[in-house]
Amino acid sequence: MAIKICGTGSYLPKHRVTNDDLSEIMDTSDEWIQTRTGMKARHLVTEETTTMMSAEAAKLAMEQANVSAEDIDLIIAATISQDYIIPTLSCEVQRELGAKNAVAFDIGAACSGFLFALNTAYSYLKSGQYQTALILGAETLSKMMDWEDRSTCVLFGDGAGAAIVRNMPDEEGIGIESLVQGSDGAKGMVLACKGRPVKNPYVETEEERMSYVTMDGQEVYKFAVRTVPKAVKEAVEKAEVTLDDIDYFVLHQANIRIIESVAKHLHQPIEKFPTNLQECGNISAASVPILLDDINRKGLLKKGNRIVLAGFGAGLTWGAAVLTW
Ligand code: ACO
């Protein structure tokens, strides 16, 4: 038996915004953003919705996996920026696709969301309860940014990534080999979005700004460079392989300096760490599946390649997986 990613897809909004474009509307520069993050551009929605981007990514993944909407019996969407609080993104995507045989629910684990969705789908598929899962990481972060706070808004983008995960009873030696995940709620407020303004007459309303993302960048940086190498090593050990056996490390695209630091800590060449943050910025739960789709469609992933996926972020949360393609 193998539980395997059989298809990937992604969608980026049409509207591309460069660092220079941002410097026209706020006090920032291409030099500041590139030096500290590696980012050159991001794509931001103008007409797209989280549902629409997810459905487009899903259709590409389904086509590649040769799976119809009726074949899907589980949809898990990882997001912190769905179109509505209710109905959930996963139910909206179910409607868009006509995946009438699926059970659908969302997972909120921020930048680790896709890894948490993969782990959840894996557990369901392994138990035999479902056979074919659509997992999504999709975000419209531009609506959660304080566009007057240059220290956060320049870092993030919008987009969606999808994967079809299937239980393949007759295939051995491929698929998901190990999964690890963790959380540390005690440090949660270093990266927060406290919520919608409250209009309850019995509760004092806090100022409107609290509904946008706030971040202590240096604390998040320290958390990431400490936690990600540990999580990756744990996943690799659990899979009973070594770091040298890994062909690609597909990490959450928060910042090029975090990725370089992880590569250094793991004593692995930076060439094994594909990136797309230069073009996409940080898309939270969508970063890992969009990058996975990028390298898959570029033909970099060959059958038998072993890859690590790793996500980390708000919560704080983290997750890593080892799989053979
Ligand atoms: N343009 C120009 N100047 C800016 C900008 C900007 N967009 N943003 C902040 N500055 C200024 C600040 O005002 C400050 O100026 P001052 O020294 O006059 O006060 C100066 O730049 C330095 O600010 P810092 O916040 O100290 O900058 P730092 O070097 O820490 O870099 C950064 C900030 C890039 C966010 C860094 O802390 C980092 O990489 N953190 C990792 C966090 C991360 O990646 N978060 C992503 C979301 S979480 C996740 O996905 C895991």
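Here is a short, friendly note on the predicted model above, point by point.

1. Ground rules. This is a predicted model, where local features need pLDDT of at least 70, side-chain atom pairs count only at pLDDT 80 or more, and totals for chains, interfaces and linings use all residues. Residues are numbered from 1 along each chain as its sequence is written, and side-chain values use heavy atoms, with hydrogens and water left out.

2. Two domains. The domain assignment splits the protein into domain 1 (2–172) and domain 2 (175–324); such bounds come from an automatic or database domain assignment. The C-alpha centres of the two domains are 14 Å apart. Their contact (heavy atoms within 4.5 Å) draws 56 residues from domain 1 and 46 residues from domain 2.

3. The area between them. About 4000 Å² is buried between domain 1 and domain 2, with carbon and sulfur atoms giving 62% of it. Buried area here is the accessible area (1.4 Å probe) that two parts lose on being put together, summed over both. If you want residues to look at, try Cys-111, Leu-115 and Phe-116: they supply 16% of the area that domain 1 buries against domain 2, more than any other three residues.

4. Polar links across the interface. One salt bridge is found between domain 1 and domain 2, a salt bridge being a side-chain nitrogen of Lys or Arg within 4 Å of a carboxyl oxygen of Asp or Glu. Arg-16 and Glu-279 form a salt bridge, with their closest N and O atoms 2.7 Å apart. Between the domains there are also 26 residue pairs in polar contact, both residues at pLDDT 80 or more. A polar contact is a pair of N or O atoms within 3.5 Å; within protein, one must be able to donate a hydrogen and the other to accept it, and residues adjacent in sequence count only if both atoms are side-chain atoms.

5. The domain 1 face. Elements giving two or more residues to the side that touches domain 2 include β1 (2–11), α3 (50–65), α5 (113–127) and β7 (158–168). Helices (H or I, at least four residues) and strands (E, at least two) are DSSP runs, numbered from the N terminus.

6. Around the ligand. Among the 24 residues around the ligand, Thr-28, Gly-217, His-252, Asn-255 and Asn-282 come nearest; a residue counts as near if one of its heavy atoms lies within 4 Å. A polar side-chain atom of Thr-28 is 2.7 Å from a ligand nitrogen atom. Side-chain N or O atoms also lie 2.8 Å from a ligand oxygen atom in the case of His-252, and 3.2 Å from a ligand oxygen atom in the case of Arg-36.

7. A link between loops. The structure holds 10 salt bridges. One joins Lys-100 and Glu-70 at 3.9 Å, N to O. Lys-100 sits in the loop between α4 (89–97) and β5 (103–107), and Glu-70 in the loop between α3 and β4 (74–78), 30 residues apart.

8. Backbone details worth a look. The peptide bond from Ile-86 to Pro-87 is cis, with omega near 0°, and Pro-87 lies in the loop between β4 and α4. The bond from Gly-315 to Leu-316 is cis as well, with omega near -5°; Leu-316 is in the loop between β12 (306–313) and β13 (317–324). Asn-66, in the loop between α3 and β4, has a positive phi of about 60° although it is not a glycine.
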